[in-house]
Amino acid sequence: MHVTNRAVVADLDLGPVVVPAGWEILIPEYVLLRSSRYFERPSEFLPHRWTDHSPLRLERRAYFPFLTGPKFCVGSHFALLEATEAVGRFLDRFQHEMLDPEPPWGREFALSFAPDRRMPCRLARR
């Protein structure tokens with residue numbers, strides 16, 4: 001399970017518990033990404049939820065692949081640029097067809113997304 005840590009700078013009232021300033025807390029990203037509090041229909045694979053004009057409610061602060069604040073990844077812009085370029089080149093060169101119409105579920109507690117089963121597809125050069 002991937003977690004990130006944060007320092008508590010002021011007493012944090014969580015209802016039945018108060019976390020005192022100076023403590024460090026661990027935030028399990030798995031739990032945030034599958035919470036209906038932050039994501040509408042969290043258990044469904046809905047890639048369009050990330051588009052700017054998606055009708056789905058999206059709490060962007062609950063999704064932080066490159067962290068935030070002083071621990072923000074300095075290479076995040078390059079990583080996004082590189083990933084966009086790689087996917088773009090792939091789509092320019094290949095036409096693809098997913099042979100299983102049902103989207104995969106991610107394995108629980110994986111460090112990064114990993115499908116729960118094989119994802120057969122057919123590729124053809126453009």
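R41 is partly exposed, with a relative accessible area of 39%. This residue belongs to a predicted model, and the values below were computed from that model.

**The loop between α1 and α2**

R41 is found in the loop that runs between α1 (29–33) and α2 (76–93). Its backbone deserves attention: the phi angle of R41 is near 55 degrees, which is a positive value in a residue other than glycine.

S35 is placed in the loop between α1 and α2. Is S35 buried or exposed? S35 has a relative accessible area of 17% and is therefore buried, since the limit for a buried residue is under 20%. The side chain of S35 also reaches the backbone nitrogen of R37, at 3.1 Å.

R49 lies in the loop between α1 and α2. Because its relative accessibility is 6%, R49 counts as buried. Which residues does R49 touch, leaving aside those up to four places away in sequence? They are F39, E40, R41, P42, E44, S54, L56 and L58. R41, the residue with the positive phi value, is thus one of the contacts of R49.

P65 also has its place in the loop between α1 and α2. With 48% relative accessibility, P65 counts as partly exposed, because the exposed class begins over 50%.

**Residues in the strands**

A7 lies in strand β1. Its relative accessible area is 59%, so A7 is exposed. Not counting residues up to four places away in sequence, A7 touches W23 and E24.

L12 lies in strand β2, which covers residues 12–13. L12 has a relative accessible area of 31% and is therefore partly exposed. Its contacts, again without residues up to four places away in sequence, are V17, V18, V19 and I25.

**Separation along the chain and in space**

For four of the residues discussed above, the table sets the separation in sequence beside the distance between C-alpha atoms.

| Pair | Separation in sequence | C-alpha distance |
|---|---|---|
| A7 and G22 | 15 residues | 6.5 Å |
| P65 and R6 | 59 residues | 15 Å |
| L12 and V74 | 62 residues | 28 Å |
| R49 and G15 | 34 residues | 31 Å |

The A7 and G22 pair may be read together with the contacts of A7: the C-alpha atoms of A7 and G22 are separated by 6.5 Å, and A7 touches W23 and E24.

**The second largest pocket**

How much space lies in the second largest pocket? The volume is about 400 Å³. The pocket is lined by 17 residues, and those closest to its centre are R6, L12, I25, I27 and L32. Two of these names have appeared together before, as L12 touches I25.

Which elements give two or more residues to this lining? They are β1 (3–7), β4 (24–28) and α1. The largest share, three residues, comes from β4. By kind, the lining of the second largest pocket consists of twelve nonpolar, two polar and three charged residues.

**Cysteines and disulfides**

How many disulfides does the structure hold? The number is zero. The surroundings of two cysteines can nevertheless be described. C73 has a relative accessible area of 32%, so C73 is partly exposed. C121 counts as partly exposed because its relative accessibility is 37%.

**Summary**

The loop between α1 and α2 holds the buried residue R49 and the partly exposed residue P65. In the strands, A7 of β1 is exposed, whereas L12 of β2 is partly exposed. L12 is also among the residues closest to the centre of the second largest pocket.

Technical notes:
Residues are numbered from 1 along each chain as its sequence is written. This is a predicted model: local features need pLDDT of at least 70, side-chain atom pairs count only at pLDDT 80 or more; totals for chains, interfaces and linings use all residues. Side-chain values use heavy atoms; hydrogens and water are left out. Helices (H or I, at least four residues) and strands (E, at least two) are DSSP runs, numbered from the N terminus. Buried means under 20% relative accessible area, exposed over 50%, partly exposed in between (1.4 Å probe, protein chains only). A disulfide is a pair of cysteine sulfur atoms within 2.5 Å. On a 1 Å grid over the protein atoms alone, a cavity is a set of points where a 1.4 Å probe fits but cannot get out, and a pocket is an open set with protein on both sides within 12 Å along at least five of seven lines; lining residues have an atom within 4 Å of a point. Grid points are joined across faces, edges and corners, and a volume is the space filled by probe spheres set on the points. Ala, Val, Leu, Ile, Met, Phe, Trp, Tyr, Cys and Pro count as nonpolar, Asp, Glu, Lys and Arg as charged, and the others, Gly among them, as polar. A polar contact is a pair of N or O atoms within 3.5 Å; within protein, one must be able to donate a hydrogen and the other to accept it, and residues adjacent in sequence count only if both atoms are side-chain atoms. Contact means heavy atoms within 4.5 Å.
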